[in-house]
Amino acid sequence: MRFKVWKAFVKELLWRNMILKMKLPVAIPTVEQIATCVLSILMQIVEDRKENTWRVFMTTPKYISVSGLKNYLSCPHKYENAQLKKLRLIVPKAYFAFGKAVHKGIERRISAGLNPITVFQETWEYEKVVDLQYGARESHQSLKEMGSKMLQAWEADVTTQKLLETPAAAEVPLTAEIEGVPLYGVVDFISISAVIDWKTASSEYGEDKALDLQLPFYSLLTGNPELLYGFGVLVKNKTPRVQYVFLPQGDIENLRGLIVQAWEGIWKGISTGKFPRIPNSTCSFCDYLPLCLGKEGAEELYASTLEVEEVEV
C-alpha cells in the first residue's frame, strides 16, 4: 500500500475505531495500541487480497463534480476507483500531462498576459524527467512541437481573439446546490458573456459533443443560463486548428434529475460497498481496465492519491 493509503487506514483505525469504540480515556494511543492497530491493518489487507479487492478508506463525499457525475453514470465501478479510491496510474498517459501543460499556457495568457507558448514549453520541460506512457508515434519532443503549434493557432483564431477582448478570469472554482446536492467545478474561462472549457483532441468534435453534460453542468454552477457555454478545442492535426462548439440554449431539468440520481446512488454504493461494473464503449481505453479484467499484478500499476480530509466526487 502507498504512504497516503497507510496514513488513511492508520488515522481511521486509531482515532475513530480505537478511541470512539474502545472509549480510551486519552487521545494519544500507546505503543501497544499502535502495534495492535497496524496488525489489524495487515490482517484486513490479507483478507481483501483474498477477495481480489482493493479496499481503501474513503471519507464522506462533500460534493459532486462533472467528472464524477459522468464517471458514475457511465460505470459506477470507474467512479469508485477514480473519485473515491482516487487510484491513479503510477506511470500516467502522456496526453493527460500534455493537456495540462497546454491548459497552463492558456491560463497564464488569460490571467497574467504571458506568452502561452513560452509557459507551455517551460511546463512541458518538467515532464521530460517523468515516466509517461507515450503513444506509438509520440515523444516528448514531438508533443512539445505540437503544443507550440496548437497554441499559436489558438492565439491567431478569430473567436479566441474576440473572447480575449473581454475581461475574463481563468481557473475559477464555483459551487452550487441543486435539490440538496452540493456541486463543485473549476471553470477554465469565464467572462461577462461566455464560459469556455479548453480541450485538446486528436480530431474535431462532432456537434453532438455540445450536448455533453459538462456544459449544462457549468450552467448550473454559474446560475446564469444566458451566458454562452462552449468547448474551445485545440485539435492535434498535422496543421493544428481551433474549433469552438457551443451549447444550444435548452432545458436542463434532465440534468438535475441525473445529478440527484447519481448522488443517491453514490451514497447507496458507499453504504453497501457495491459499485457495479457496466461494460460500455469507453472500456477499451479506461485506465482501470486491468483491474476490471483481474490481470495479474494489476494493483501494482496504481497508487492512491487519497487524502483523508476531502474526497471530490
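Helix α5, residues 94–112 of this predicted model, has a long list of buried residues: Ala-94, Ala-97, Phe-98, Gly-99, Ala-101, Val-102, His-103, Gly-105, Ile-106, Glu-107 and Ile-110. It helps to recall that an α-helix has 3.6 residues a turn, so residues three or four places apart point the same way. With that in mind, you can follow Ala-94, Phe-98, Val-102, Ile-106 and Ile-110, which are among the buried residues of α5. How far apart are the end C-alpha atoms of α5? They are 27 Å apart, and because 19 residues at 1.5 Å a residue should also span 27 Å, the two values agree. Just after α5 comes Gly-113, whose phi is positive, at about 70°.

Let us step back for a moment to the whole chain. Its secondary structure comes to eleven helices and seven strands, and 43% of its 313 residues count as buried. If you take the contacts with a separation of 6 or more, 71% of them join residues 24 or more positions apart.

Now for the sheet. Five strands form an open sheet with mixed pairing, and their order is β2-β3-β4-β5-β6. At the edges are β2 (168–178) and β6, each of which pairs on one side only. From one strand to the next, the twist averages 40°. Helix α8 (residues 158–165) packs on this sheet and touches β3 (181–191), β4 and β6, with its direction at about 65° to that of β6.

Strand β5 (residues 228–235) is a good place to look more closely. Seven of its eight residues are buried, so the strand is largely enclosed by the rest of the structure. As background, strands of a sheet pair through backbone hydrogen bonds, either parallel or antiparallel. In which sense does β5 pair with β4 (residues 194–201)? The pairing is parallel, over eight bridges. You can locate it by two bridge partners: Ala-194 is matched with Leu-228 in β5, and Ile-196 with Gly-230. To get from β4 to β5, the chain passes through helix α9 (residues 214–222), making a right-handed β-α-β crossover.

With β6 (residues 241–246), β5 pairs in the antiparallel sense, over six bridges. Here Leu-234 stands opposite Val-242 in β6. The link from β5 to β6 is a hairpin of five residues.

Finally, turn to a pair of helices earlier in the chain. Two packed helices are described by the angle between their axes and the distance between the axes. For α3 (residues 66–74) and α4 (residues 76–84), that angle is about 145° and the axes are 5 Å apart. On the α3 side, the contact uses Ser-67, Gly-68, Asn-71, Tyr-72 and Ser-74, which meet Pro-76, Lys-78, Tyr-79, Ala-82 and Gln-83 in α4. These residues divide into four nonpolar, five polar and one charged.

A loop residue from much later in the numbering also visits this region. Which residues does Pro-276 touch, leaving aside those up to four places away in sequence? They are Cys-75, Pro-76 and His-77. Pro-276 itself lies in the loop between α10 (253–272) and α11 (289–293). Its C-alpha atom is 9.9 Å from that of Tyr-72, although 204 residues separate the two along the chain. Pro-276 counts as partly exposed, because its relative accessibility is 47%.

Key:
Residues numbered from 1 in each chain as written. Predicted model: local features only at pLDDT ≥ 70, side-chain atom pairs only at ≥ 80, totals over all residues. Heavy atoms only, no water. Axes fitted to C-alpha atoms, helices over the stretch in contact; angles between N-to-C directions. Helix = DSSP H or I, 4+ residues; strand = E, 2+ residues; numbered from the N terminus. Contact = heavy atoms within 4.5 Å. Nonpolar A, V, L, I, M, F, W, Y, C, P; charged D, E, K, R; others polar. Buried < 20%, exposed > 50% of the residue type's maximum accessible area, 1.4 Å probe, protein only. Pairing = 2+ DSSP bridges. Right-handed = clockwise from strand over helix to strand, strands pointing away. Expected span 1.5 Å × (residues − 1).
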